[in-house]
Amino acid sequence: MADPADITLWLDAARGGDRGALDQVLARLYQELHTMARRQLAGQMGQTLDATALVHEAYLKLIGRKEIQFDDRAHFFAYAASAMRSVVIDYARQRLAQKRGGDLHRVTDLPQDIEGGLRLDEDMLALDVALNRLAAVDARLAQVVELRYFGGLSEAEIATLLGRSDRSIRRDWQKARMFLLASLQDS
């Protein structure tokens with residue numbers, strides 16, 4: 001794990017427009033991002049999207065926006081999880097468009113334990129729609145879902161990143177799951 005003090009200094013420099021500092025942050029955190037991606041894609045046999053491709057696509061999204069500023073490590077990982085979500089959703093849409101037109105289906109379960117990886121199918125697209133609804137209602141809950149489900153972080157890791165207690169993150173995760181499941185059943 002990279003030294004948080006170095007990361008904070010580089011993030012400050014990147015905020016000032018130093019693209020090299022952002023590259024340093026990404027280089028230092030690459031392994032952590034790769035681990036997040038690998039956890040999420042576990043069990044996706046036969047998929048053309050692998051962890052390295054996911055990290056590289058997310059990296060392109062990170063550096064592609066000039067106006068982006070990371071206040072701290074938590075903000076960086078929140079944005080990285082969001083970028084990974086975007087890549088996964090785009091990939092699922094493209095895959096379904098090639099396969100059968102992208103018809104959406106209902107998700108019947110949002111698993112408590114997401115160690116098995118993400119399913120890159122119709123369920124993922126329906127989850128994305130429900131997550132956008134959740135973000136409109138409570139952005140904090142949506143951020144917890146992105147970090148947990150798309151970023152692959154544990155509740156303890158999210159609590160550390162966001163400076164909150166494990167218990168509050170656990171409550172947020174449960175509230176978010178209930179909202180998403182209700183939203184998915186209504187669609």
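Let's start with a term. Helices here are DSSP runs of H or I, at least four residues long, and they are numbered from the N terminus. With that numbering, Asp-50 has its place in the loop between α2 and α3. I will come back to that loop. One caution before anything else: this is a predicted model.

First, the overall picture. The chain has eight helices and zero strands. Read from the N terminus, the order of elements is α-α-α-α-α-α-α-α. The chain has 187 residues, and 45% of them count as buried. Its accessible surface comes to about 9,300 Å². Carbon and sulfur atoms account for 51% of that surface. Now the contacts. Take those between residues at least 6 apart in sequence: 66% of them join residues at least 24 apart.

Next, the core. The largest nonpolar core holds 57 residues. Which of them touch the most other members? They are Leu-33, Leu-54, Phe-76, Met-84, Leu-134 and Val-145. Every one of α1 (4–15), α2, α3 (51–64), α4, α5, α6, α7 (155–162) and α8 supplies at least two residues of this core. Helix α4 gives the largest share, with 15 residues.

Take Met-84 as an example. Leave out residues up to four places away in sequence. Met-84 then touches Leu-33, Met-36, Ala-37, Leu-54, Val-55, Ala-58 and Phe-150. Two of those partners, Leu-33 and Leu-54, are also among the core residues I just listed.

Now a helix pair. Helix α5 covers residues 122–137, and helix α6 covers residues 139–150. Their axes come within 6 Å and cross at roughly 150 degrees. On the α5 side, the residues in contact are Met-124, Leu-127, Leu-131, Leu-134, Ala-135 and Val-137. On the α6 side, they are Ala-139, Leu-141, Ala-142, Val-145, Glu-146, Tyr-149 and Phe-150. By class, that contact has twelve nonpolar residues, no polar ones and one charged one. Keep Glu-146 in mind.

On to charges. Side chains of opposite charge can pair when their charged atoms come close. How many salt bridges does the model have? The count comes to six.

Arg-85 takes part in more than one story here. One partner is Asp-128, in a salt bridge with an N to O distance of 2.5 Å. Asp-128 sits in helix α5 and Arg-85 in helix α4 (residues 73–100), 43 residues apart. Buried or exposed? Asp-128 is buried because its relative accessible area is 7%, and the cut-off for buried is under 20%. Arg-85 is buried too, at 10%.

The other partner is Glu-146. Its closest N and O atoms with Arg-85 are 2.8 Å apart, and the two form a salt bridge. Glu-146 lies in helix α6 and Arg-85 in helix α4, so this pair ties together parts that are 61 residues apart in sequence. Both Glu-146 and Arg-85 are buried.

A further salt bridge joins Asp-172 and Arg-140, at 2.9 Å from N to O. Asp-172 is in helix α8 (residues 166–186) and Arg-140 is in helix α6, so parts 32 residues apart in sequence are tied together. The two ends have unlike surroundings. Asp-172 is buried, with a relative accessible area of 2%. Arg-140 is partly exposed, at 37%. The pair also belongs to a network of salt bridges: Arg-140, Arg-164, Asp-172 and Lys-175 are linked in it.

Back to the loop between α2 and α3. Leu-49 lies there. Leu-49 counts as buried because its relative accessibility is 9%. Its C-alpha atom is 8.4 Å from that of Val-88, and the two residues are 39 apart along the chain. Asp-50 is in that loop as well. Asp-50 counts as partly exposed, at 41% relative accessibility.

Last, His-34. Where is His-34 found? It is in helix α2 (residues 19–41). His-34 is buried, with a relative accessible area of 12%. Leaving out residues up to four places away in sequence, His-34 touches Ala-51, Thr-52 and Val-55. From Asp-50 to His-34, C-alpha to C-alpha, the distance is 9.8 Å, with their positions 16 residues apart in sequence numbering.

That is my tour. Questions, please.

Notes: Residues are numbered from 1 along each chain as its sequence is written. This is a predicted model: local features need pLDDT of at least 70, side-chain atom pairs count only at pLDDT 80 or more; totals for chains, interfaces and linings use all residues. Side-chain values use heavy atoms; hydrogens and water are left out. Axes are lines fitted to C-alpha atoms, for helices over the stretch in contact, and angles run from 0 to 180 degrees between N-to-C directions. Contact means heavy atoms within 4.5 Å. Ala, Val, Leu, Ile, Met, Phe, Trp, Tyr, Cys and Pro count as nonpolar, Asp, Glu, Lys and Arg as charged, and the others, Gly among them, as polar. A salt bridge is a side-chain nitrogen of Lys or Arg within 4 Å of a carboxyl oxygen of Asp or Glu. Buried means under 20% relative accessible area, exposed over 50%, partly exposed in between (1.4 Å probe, protein chains only). Accessible areas come from the Shrake-Rupley method with a 1.4 Å probe; for residues, only the protein chains shown count as cover. A nonpolar core is a set of buried Ala, Val, Leu, Ile, Met, Phe, Trp, Tyr and Cys residues joined through side-chain atoms within 4.5 Å.
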